[in-house]
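Visitor: Could you take me through one part of this model up close? I'd like a single helix as the anchor, with the surroundings filled in afterwards.

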Amino acid sequence: MRMSQKDSFVKFEKVDKSYDGEILVVKDLNLDVPKGEFLTMLGPSGSGKTTVLMMLAGFETPTSGEIYLDGNPISSIPPNKRGIGMVFQNYALFPHMTVKENLAFPLEVRKMEKTEIDEKVGNALAMVELQDFGNRMPLQLSGGQQQRVALARSLVFEPRLVLMDEPLGALDKNLREQMQYEIKHIHEKIGITVVYVTHDQSEALTMSNRIAVFNDGKIQQISSPDILYEKPNSSFVAQFIGENNQLKGKVKSINGENCIVTTESGDDIHALKINVNNNGDGSLVSLRPERVAINSSENFENNFDAKVKELIYLGDHIRSRVEVCGNDQFIVKIPNSYKEANLKEGSTVKLSWKASDSRALDLN
Amino acid sequence: MNQTQTSTGPILTTDGIPLKVSLKKAERINKIRAFLLVLPLLAFILITFLVPIGDMLARSVDDRQINTVFPKTFEVYKKWDRQGLPSEEVYKTMFFELKNSEGYSVGKASTRMNYSKSGWKSLLKKSKRKFKKIEEGPFKEQMIAIDKKWADPEYWLALGQMVDPTTMGYYLNAVDLKYDSSKNIVQQKENRRIYNKTWIKTFKVSLLVTLFCLLLGYPISYLLATLPMKYSNLLMICVLLPFWTSLLVRTVAWMVMLQQKGVLNNLLVMSNLIADENRFQLMYNQTAVVIVMTQILLPFMVLPLYSVMKTISPTYMRAALNLGASPMHAFYKIYMPNSVPGVSAGCLLVFIIAIGYYITPELVGGKDGQMVGNWIAYHLKTTLNWGLCASLGAILLAMMTVLYWAYNKIVGIENIKLG
């Protein structure tokens with residue numbers, strides 16, 4: 001038996017998965033999830049994140065490598081013996097059972113006493129605030145209510161780990177945001193370990209302790225939401241998380257942590273060297289729109305004149321599309337409080353930003 | 001537009017016509033158009049389905065054909081006190097009505113009279129021939145002289161069953177009962193009791209066929225619904241291929257398979273599993289009917305089952321496993337209840353088709369395997385006792401209606417899914 005690390009409740013060790021013997025949908029996955037963490041696997045469809053979840057639940061077996069739960073290998077344990085809760089994409093509530101019967105199902109399977117079942121079902125319904133809906137059939141509930149029942153059912157038998165496979169995908173935007181907070185609060189209250197799969201980055205940012213960004217069967221970056229947003233370490237992550245300006249060019253010179261990238265328009269951009277290595281390499285410089293100052297008196301490393309192409313009033317801020325360094329899709333978010341008379345479409349403004357806010361990334 | 005209109009008046013359209021009238025007019029055109037579209041089908045169903053069924057139902061109680069041949073006789077017959085022999089007047093009316101009637105209608109009437117008391121037919125045939133020579137009365141003695149049956153009160157009493165324009169006689173007949181000469185309901189003679197046995201046999205065969213279809217069809221349908229597309233398509237063709245083959249061809253193929261010197265018995269003998277003299281009797285009995293009908297009706301079970309199972313999301317089973325249920329338990333508690341609509345649709349369909357089945361029992365049933373459908377065909381074609389046919393058919397129809405009603409009470413008809 002291998003040594004179990006204290007902070008590794010779920011561990012993937014060199015896990016590969018292939019369905020057809022030709023293409024690896026999960027490649028050499030190594031992942032540790034400490035107890036009590038809310039980990040989100042985020043990625044576009046086909047990136048392998050759902051496969052990882054299915055292997056953890058036991059519906060798929062790794063082609064090679066091993067998965068450990070609480071220190072024990074689980075690849076040979078069938079799904080019904082793993083004691084892992086799961087919320088399915090379309091809830092998978094049993095349509096011929098009432099809400100209560102659905103919740104009681106995992107408890108009855110475990111041969112619990114009737115009174116204990118009733119108590120636990122009652123508590124679970126109270127947790128998701130559906131006390132009055134116990135005798136309804138699932139199809140008589142709204143999407144949000146069904147979602148909560150599914151959540152309650154995955155928790156009612158007190159599993160060690162709960163998996164959620166895009167549980168909010170079928171809900172409308174408002175409900176989705178509300179449910180994000182509810183799930184987050186429930187997680188905080190009962191301190192359970194959650195592995196959550198989504199392709200919605202705002203969902204991931206809202207709820208997670210850590211986010212693993214998947215692409216092409218691999219984890220591209222795994223870190224807390226703020227690090228992931230502020231310091232993406234590849235152009236894929238930078239594009240996938242949040243809004244992002246990209247300036248394409250070639251590395252002109254490298255100086256320790258910093259480098260200079262020259263765009264096709266001939267402008268030199270001072271940036272942090274993230275994953276470019278040699279002079280002459282192609283690079284995308286990534287920059288968050290809110291880090292760009294407009295007509296600022298402060299002296300940043302990067303200063304360029306830009307032409308305002310479009311202004312969109314969005315209430316809390318004005319979103320402006322400008323042309324700078326040969327990129328006419330460059331977005332700047334101007335605070336609502338900024339009142340400058342000459343800011344109109346066609347006018348020229350001065351943009352400036354720090355070298356430390358611009359990240360020289362690979363060309364993808 | 002008129003702006004002065006108050007809120008209390010009817011709402012008008014821009015043409016000034018009340019909105020309700022306009023709406024009705026607009027909708028009426030749509031309704032007429034829709035009705036015209038379904039009209040051909042409606043007429044077709046009416047002519048080929050509802051009218052014949054109504055006619056057959058009417059025939060099962062209709063008893064007027066005699067009244068049209070002997071109307072006057074029945075008038076005077078009604079006055080008779082049913083003691084001893086009827087009066088001279090009854091004999092006289094009967095004499096003239098028989099003598100002046102057409103041979104064809106007498107034939108039909110005598111067939112009916114024969115159902116109440118056998119012997120009537122030959123009596124009328126003989127009498128009509130001999131009546132030609134008789135010109136004047138008294139008729140009673142002359143008729144008795146022609147045939148002594150005219151002096152038998154039994155014959156005259158049997159006529160009493162036919163006085164009313166309607167009769168329950170056919171229905172009684174269909175369940176091995178009859179009227180005796182004084183209109184009491186009694187059992188048929190021992191050797192004429194055939195229908196109750198047939199009813200029981202028909203039910204037994206239909207239930208067995210339904211059961212076997214379910215037992216065989218459920219796993220196939222499950223595979224069809226869960227296998228990957230390329231395998232399930234192949235399997236589907238295997239299920240449907242017999243469906244596309246002529247029923248007669250399939251039945252005859254089974255005859256080749258099952259008979260005593262047939263493929264199956266030969267194989268068993270050749271492989272020394274049974275002795276040559278102990279060959280199984282698999283043909284021309286109920287076993288044959290059940291085997292062949294099961295094979296023929298299997299697609300009617302598989303198709304509704306499959307279409308329902310196709311809608312059962314595989315995540316239900318996954319969810320059940322995830323919640324800790326063993327695969328067997330998950331199947332029993334989650335999958336099976338969700339497949340019930342398909343099971344009931346399939347069973348009802350197979351049972352309904354089986355209970356009225358005719359061709360297979362006819363070909364492979366032998367003496368032992370005849371079902372109600374075969375008796376209906378027999379009376380329809382051979383004895384021409386259409387009243388009995390109609391009553392047998394009506395009882396079948398009534399049984400299915402009761403079954404449907406019971407099913408609706410227990411399971412709920414809205415749970416049926418054919419696709």
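Guide: What follows starts with one helix and its packing partners, then widens to the two chains and where they touch.

Bear in mind that this is a predicted model. The anchor is helix H16 of chain B, residues 327-355. Two other helices of chain B are worth looking at against H16(B): helix H15, residues 314-322, and helix H10, residues 195-226.

Take H15(B) to begin with. The axes of H15(B) and H16(B) come within 9 Å and cross at roughly 140°. The two helices are therefore oblique to each other, and the crossing is right-handed. On the H15(B) side, the contact is made by Tyr316(B), Met317(B), Ala320(B) and Leu321(B). H16(B) answers with Pro327(B), Ala330(B), Lys333(B), Ile334(B), Tyr335(B) and Asn338(B). Sorted by class, that contact has eight nonpolar residues, one polar and one charged. If you're wondering about the spacing along the helices, here's the usual background: an α-helix has 3.6 residues a turn, so residues three or four places apart point the same way.

Now slide along to the H10(B) contact. H10(B) and H16(B) pack at an angle of about 145°, with axes 9 Å apart, and this crossing is right-handed too. From H16(B), the residues involved are Val343(B), Gly346(B), Cys347(B), Val350(B), Phe351(B), Ala354(B) and Ile355(B). Facing them from H10(B) are Thr202(B), Val205(B), Ser206(B), Val209(B), Thr210(B), Cys213(B), Leu214(B) and Gly217(B). The tally by class is ten nonpolar and five polar, with no charged residues.

So much for the anchor; here's the chain around it. Chain B has 19 helices and two strands. Its C-alpha trace spans about 100 × 95 × 35 Å along the principal axes. A compact globule of 419 residues would have a radius of gyration near 22 Å, whereas chain B has 32 Å. Of those 419 residues, 28% count as buried. Among contacts in chain B between residues at least 6 apart in sequence, 66% join residues at least 24 apart.

Two other spots in chain B deserve a glance. Thr111(B) sits in helix H5, residues 103-116, and is partly exposed, with 18 other C-beta atoms within 10 Å. Setting aside neighbours within four places in sequence, Thr111(B) is in contact with Lys121(B) and Leu384(B). Ser122(B) is eleven residues from Thr111(B) in sequence, and their C-alpha atoms are 9.7 Å apart. The other spot is Arg82(B), in the loop between helix H3 (71-77) and helix H4 (88-100) of chain B. Arg82(B) isn't a glycine, yet has a positive phi of about 65°. With 13 C-beta neighbours inside 10 Å, Arg82(B) counts as partly exposed.

Chain A is built from other proportions of elements: eight helices and 20 strands. Its C-alpha atoms fill a box of roughly 75 × 50 × 35 Å along the principal axes. Of the 364 residues of chain A, 40% count as buried. For contacts in chain A between residues at least 6 apart in sequence, 64% join residues at least 24 apart.

Where the chains meet, 17 residues of chain A are in contact with 15 residues of chain B. Strand E6 (84-87) and helix H2 (99-109) of chain A each supply at least two residues of chain A's side, and H2(A) has the largest share, with three. By class, that side has 13 nonpolar, three polar and one charged residues.

H2(A) also has a buried set: Val99(A), Asn102(A), Leu103(A), Ala104(A), Phe105(A), Pro106(A) and Leu107(A). What covers these residues includes helix H3 (114-127) and helix H4 (143-155) of chain A. After H2(A) comes Lys111(A), with a positive phi near 55°. Glu129(A), in the loop between H3 and H4 of chain A, also has a positive phi near 55° without being a glycine. Glu129(A) counts as exposed, with 12 C-beta neighbours inside 10 Å.

To come back to the anchor: H16(B) meets H15(B) through residues including Ala330(B) and Ile334(B), and H10(B) through residues including Val350(B) and Phe351(B).

Technical notes: Residues are numbered from 1 along each chain as its sequence is written. Chains are lettered from A and ligands numbered from 1 in the order in which they are written. This is a predicted model: local features need pLDDT of at least 70, side-chain atom pairs count only at pLDDT 80 or more; totals for chains, interfaces and linings use all residues. Axes are lines fitted to C-alpha atoms, for helices over the stretch in contact, and angles run from 0 to 180 degrees between N-to-C directions. Helices (H or I, at least four residues) and strands (E, at least two) are DSSP runs, numbered from the N terminus. Angles under 35 degrees count as roughly parallel, over 145 as roughly antiparallel, 65 to 115 as roughly perpendicular and the rest as oblique. A crossing is left-handed if the near helix is turned anticlockwise from the far one by less than a right angle, and right-handed if clockwise. Two residues are in contact if their C-beta atoms, placed from the backbone, lie within 7 Å. Ala, Val, Leu, Ile, Met, Phe, Trp, Tyr, Cys and Pro count as nonpolar, Asp, Glu, Lys and Arg as charged, and the others, Gly among them, as polar. The radius of gyration is taken over C-alpha atoms; the globule rule is 2.2 Å times the number of residues to the power 0.38. A residue is buried if 20 or more other C-beta atoms lie within 10 Å of its own, exposed if 12 or fewer, and partly exposed in between; C-beta atoms are placed from the backbone.
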